[in-house]
Amino acid sequence: MSLMGFFNRRTSAPVARERLQILLAHERGIVGGKPDLVALLREEILAVVGRHVTIEQDRVQVKMNRGADLSTLEIEVEIPGPTLARA
Amino acid sequence: MAKILVVTSGKGGVGKTTSTAALGAALAHGGEKVVVIDFDVGLRNLDLVMGAERRVVFDLINVVQGDAKLSQALIRDKRMENLSLLPASQTRDKDALTEEGVARVLADLREKFDWIICDSPAGIERGATLAMRHADVAVVVTNPEVSSVRDSDRIIGLLDSKTEKAEKGERVEKHLLLTRYDPVRAERGEMLKKEDVLEILSIPLLGIIPESEEVLRASNVGAPVTFNNPDSAPGRAYFDAVRRLKGENVEMIIPSDRKGLLGKLFGRRAA
């Protein structure tokens, strides 16, 4: 470890700066061009799926992770099979 | 039986959100099932202080309005699985919070958790009154400073009149949490002493959280101070406060950050 590294090992401000930059970029709509694009995608994707199959709210899992270069949106919708659908 | 605790103060910037996160994490550390709820609609920050800001999908208002199930909106802490967060909405209006809706969500949470900690917004308007409405226990966060003490006095009045318990003729259990305390300045007469604040507000003291660099360091990295550095002065003070909250008799001391020679030399460096 370099001497500078030794003295800087406890600095937390750069972490704060990076977290804020990522968060505010999303909230201001700099990422993706719309404020909270990922939330908008979530709503529209669920609406489209809901138009074709009945979505049970308990059977939907949504996970999101906003990043600087890459954000992920995971939507898991359980669609009932033919036996369940007929029952 | 689940307990609903409100962290409130009237004045902004005194440490409600820091204390909500720190108390929540300390309770969870002791094995309790804990959920922390942000009531600051439009200006949420508990997600940021807890380090979950990138993972917010649904919020309290989505649940209140039936657009999402409670289980979908709860964010489980990545460090402790028995600690969850229910974030506030950043974009909606605070009027979207209805009293019945909040009561329903809290009733559901009572089934799943041991402690429900409501982080109140500053002020005495809708968000603040709804956060305290169903509380069994209140933690009044106060700085040793005139405007904070005055606002705390006002909030204590509301806890005694506008809560569900008060309206039934019962009492909300009230505790004072004195934050950003500097014993050296208090001793020098430059800051209100704990005795002064206690005499004015006359509610029992839950803990004294010393002014410390560790609080900013923890919020910088998005971790409750009781998780980020449990052995730090504020970390220990919050753990003591939690033991008192659970009914233990713990001697009231003001922990200090021990510093060696190097710490003293470099202690003034910005965190």
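# Briefing: cores, a pocket and some notable residues

The largest nonpolar core holds 54 residues, and those with the most contacts inside it are B:I37, B:F39, B:L86, B:L97, B:L109, B:I116 and B:C118. Helix α7 of chain B, residues 146-159, gives the most to this core, with five residues. A second, separate core has 37 residues, including B:V14, B:L83, B:Y238 and B:V242. Please keep in mind that this is a predicted model. The points below start with the cores and then turn to a pocket, to single residues and to chain A.

**Around the cores**

- Leaving aside residues up to four places away in sequence, B:F39 touches B:L60, B:L97, B:V102, B:C118, B:D119, B:P121, B:G127, B:L130 and B:A131.
- Among these partners of B:F39 are B:L97 and B:C118, which also appear with B:F39 in the list of residues that have the most contacts inside the largest core.
- B:Y238 belongs to the second core, and the side chain of B:Y238 also makes a polar contact of 2.8 Å with the side chain of B:S19.

**B:S19 in helix α1 of chain B**

- B:S19 sits in helix α1 of chain B.
- With a relative accessibility of 0%, B:S19 is buried, because the cut-off for buried is under 20%.
- The side chain of B:S19 also reaches the backbone oxygen of B:G15, at 2.7 Å.
- Not counting residues up to four places away in sequence, the neighbours that B:S19 touches are B:V7, B:G24, B:V141, B:L177, B:T179 and B:Y238.

**The second largest pocket**

- This pocket has a volume of about 670 Å³.
- Its lining comprises 33 residues, and the closest to the pocket centre are B:G13, B:G15, B:K16, B:T17 and B:T18.
- B:G15 thus has two roles to look for: B:G15 is one of the lining residues closest to the centre, and its backbone oxygen is reached by the side chain of B:S19.
- At least two lining residues come from each of α1 (16-29), α2 (46-49), β7, β8 and α11 (213-221) of chain B.
- Sorted by class, the lining has 16 nonpolar, ten polar and seven charged residues.

**Positive phi outside glycine**

- B:R180 is a residue other than glycine with a positive phi, near 60 degrees.
- B:R180 lies in strand β7 of chain B, residues 173-181, and is partly exposed at 42% relative accessible area.
- B:S202, also not a glycine, has a positive phi of about 35 degrees.
- The place of B:S202 is the loop of chain B between α10 (194-201) and β8 (205-210).
- B:S202 counts as exposed because its relative accessibility is 57%, and exposed means over 50%.

**Chain A and a link to chain B**

- Chain A contains four helices and two strands, and from the N terminus on its elements follow the order α-α-α-β-β-α.
- Of the 87 residues in chain A, 20% are buried.
- Taking contacts in chain A between residues at least 6 apart in sequence, 38% join residues at least 24 apart.
- A:S12 is in the chain A loop between α1 (3-8) and α2 (13-28).
- A:S12 is buried, with a relative accessible area of 2%.
- The side chain of A:S12 makes a polar contact with the side chain of B:N220, at 2.9 Å.

Technical notes:
Residues are numbered from 1 along each chain as its sequence is written. Chains are lettered from A and ligands numbered from 1 in the order in which they are written. This is a predicted model: local features need pLDDT of at least 70, side-chain atom pairs count only at pLDDT 80 or more; totals for chains, interfaces and linings use all residues. Side-chain values use heavy atoms; hydrogens and water are left out. Buried means under 20% relative accessible area, exposed over 50%, partly exposed in between (1.4 Å probe, protein chains only). A nonpolar core is a set of buried Ala, Val, Leu, Ile, Met, Phe, Trp, Tyr and Cys residues joined through side-chain atoms within 4.5 Å. Contact means heavy atoms within 4.5 Å. A polar contact is a pair of N or O atoms within 3.5 Å; within protein, one must be able to donate a hydrogen and the other to accept it, and residues adjacent in sequence count only if both atoms are side-chain atoms. On a 1 Å grid over the protein atoms alone, a cavity is a set of points where a 1.4 Å probe fits but cannot get out, and a pocket is an open set with protein on both sides within 12 Å along at least five of seven lines; lining residues have an atom within 4 Å of a point. Grid points are joined across faces, edges and corners, and a volume is the space filled by probe spheres set on the points. Ala, Val, Leu, Ile, Met, Phe, Trp, Tyr, Cys and Pro count as nonpolar, Asp, Glu, Lys and Arg as charged, and the others, Gly among them, as polar.
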